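This report is intended for a reader who is meeting the structure for the first time. Please keep the sequence and the three-dimensional view at hand while reading.

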Amino acid sequence: FTFKLLALSSIGIGLIVYFYPLLYSWAKMEEYKKDVNKEAPFISIVAYINSLLDKNIVVTLEELSNIRTLKTPAIEYQMIKKSKEVLNESTFTALERRLKLHKSDLLGKIYSKFLVASELGLSIKDRMREAMKEVLQQYKEEYKSYIERSSELAEMVFAVYLLLPIVLVGFQFTFKVNPVQLLMPLLFTPAFIFFVSTIQPSGDYVIKVKYKQLLPLFAIVPIILLPLSFLVKMAMIIVVLSLILYNVYEQVRIANYLLSQLPDMLKEISDYMKIGYSLVTAFSKVKPKGNNAGAKIINDIVTKAVMNNEIPEVETPSSLFNNIINVLGILSKTGLSSTGLEELSDLVNDIVNLRNSMLKQLRLFDVMVILTPIMLWLTFSMLGHIFSSTNSVFEYVTLFSYSLAVGLIFSKISRFVTFYLPTTVLPLVLSLILSFFPHGI
């Protein structure tokens, strides 16, 4: 068995090394496509607002390239600029070249509408408005498709991490199965998480982890070496993991709060602009609801806007919030009417509602996080003592390992982050509680 396992591992590693360049190129291409689709709504709304001021798409990309949180506009503007300077192409030809590369993504829709309007002499403003609506519609389709594919993926996870272990445990009665083989399905965990990342729309979270926040990890080794029972050690390890993951959880909470405040902020700014306030002055009137870390961030941004008489560039845990505030900063210098801001507010409101609806549907998968440790424990209990008394620790390891793997996968599926505190820790806590009950009760 050991020789076969080593042979299979060697073949697997060899295949990974051989195909790594292709996988890396494909992954980078998919990552850029996701960035493009994520930033396309902002490009479309600014392109529409700029069209009201007779500015073309290249000017829009140039203005947005100054925002550090947006990657696509800077890349696109530099490529168009090089085509014009190095290849001596016209703006129209340079945009056609970029359109060929973006036919399958949302930016291609914006280029296509602009080029058609320019070639046929149609209203660029109307075409940009159409592009904005089509981009949002495509956004909706992408989210809908992800929900459907997530359901299929959840069925696969259910089969691999719940049904397969149960079948392997049942085989102990009729076949000679090495207990270590129970852990083999866990090898699929990185592949599942990677696959979720490839099919998942870009999330809203910008999670930053400092090295000092990972220091509690060093406590795990001494805990393992302590002369305590396995369950006590696991309880201590769960506490350590919770301390580390709390930072991620707090950033997710702040991002959710900022996103929930964004539509009301834009509406409030628009109302002030209607009665004659400038964008910066209207922005300085914003007052967040509540008194938490997210509200403090908004208050700090407003304070900087008042002091410097301009909307500052921001970096918060919410990428959508960052992009909107940074876009407002650019538009405050180039010109923005209350009508344009209303369009921006409506777009943001649609995106936020769409995202909330998607997350609400995905949270149904959290049932799997609770179900897995319970079902596995019941299997070990009802199908007899397949683990000898000396192997009881291995039974606990199996239970905790599957609980952690399922928690990580469904955290990525439903929360868009791999290490979301409640989804990751809850199955471990359930496993710990169940492990204190004897089999057969």
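The sections below treat the nonpolar core, the salt bridges, one buried asparagine, the largest pocket and the enclosed cavities of this predicted model.

## The nonpolar core

The largest nonpolar core contains 127 residues, and within this core Y161 and L328 touch the most other members. The greatest contribution comes from helix α9, which spans residues 230-274 and supplies 20 residues. In soluble globular proteins, nonpolar side chains tend to be buried together.

The surroundings of Y161 can be described residue by residue. Setting aside residues up to four places away in sequence, Y161 touches P185, L186, F188, T189 and F192. Further along the chain, the residues that Y161 touches include T372, L376, Y402, A405, V406 and I409.

## Salt bridges

The model holds 16 salt bridges. Side chains of opposite charge can pair when their charged atoms come close. Three pairs and one network are described here.

K113 and E130 form a salt bridge in which the closest N and O atoms are 3.2 Å apart. This pair links distant parts of the chain, with K113 in helix α5 (residues 106-120) and E130 in helix α6 (residues 124-170), 17 residues apart. K113 is counted as buried because its relative accessible area of 19% falls under the 20% limit. E130, at 31%, is partly exposed. Another pair joins E63 and K55, whose closest N and O atoms are 3.1 Å apart. E63 has a relative accessible area of 10% and is therefore buried.

A further salt bridge connects the side chains of E250 and R253, with an N to O distance of 3.7 Å. These two residues both belong to helix α9 and are three residues apart, about one turn of the helix. E250 is partly exposed, with a relative accessibility of 23%. R253 is also partly exposed, at 46%. In addition to such pairs, R68, K208, E313 and E315 are linked in a network of salt bridges.

## A buried asparagine in helix α12

Is N326 buried or exposed? N326, which lies in helix α12 (residues 319-334), is buried, with a relative accessible area of 4%. Apart from neighbours within four places in sequence, N326 is in contact with I67, T69, P312, E313 and V314. One of these contacts, E313, is also a member of the salt-bridge network with R68, K208 and E315.

## The largest pocket

The largest pocket has a volume of about 760 Å³. Its lining consists of 31 residues, and D35, K38, S202, G203 and Y205 lie nearest the centre. The elements that give two or more residues to this lining are α1 (2-51), α7 (189-199) and α12. Of these, α1 gives the most, with eight residues.

How do the lining residues of the largest pocket divide by class, and how many are charged? Twelve are charged, ten are polar and nine are nonpolar.

## Enclosed cavities

A search of the whole structure finds two cavities of 30 Å³ or more. The largest cavity has a volume of about 160 Å³. It is lined by 17 residues, of which Y143, S202, G203, D204 and R355 lie nearest its centre. Helices α1, α6, α12 and α13 (338-362) each supply at least two residues of this lining, and α13 provides the largest share, with four residues. By class, the lining of the largest cavity has nine nonpolar, four polar and four charged residues.

The second largest cavity has a volume of about 40 Å³. Which residues line the second largest cavity? The lining is made up of K34, N37, K38, Y139, E142, Y143, P201 and S202. At least two of these residues come from α1 and at least two from α6. The lining of the second largest cavity divides into three nonpolar, two polar and three charged residues.

Some residues recur across these spaces. S202 lines the second largest cavity, and S202 is also among the residues nearest the centre of the largest cavity and of the largest pocket. Y143 lines the second largest cavity and is one of the residues nearest the centre of the largest cavity. K38 likewise lines the second largest cavity and is among the residues nearest the centre of the largest pocket.

Methods
Residues numbered from 1 in each chain as written. Predicted model: local features only at pLDDT ≥ 70, side-chain atom pairs only at ≥ 80, totals over all residues. Heavy atoms only, no water. Core = buried A, V, L, I, M, F, W, Y, C linked by side-chain atoms within 4.5 Å. Buried < 20%, exposed > 50% of the residue type's maximum accessible area, 1.4 Å probe, protein only. Contact = heavy atoms within 4.5 Å. Salt bridge = Lys/Arg side-chain N within 4 Å of Asp/Glu carboxyl O. 1 Å grid on protein atoms, 1.4 Å probe; cavity = no way out; pocket = protein on both sides within 12 Å on 5 of 7 lines; lining within 4 Å. Points joined across faces, edges and corners; volume = space filled by probe spheres on them. Nonpolar A, V, L, I, M, F, W, Y, C, P; charged D, E, K, R; others polar.
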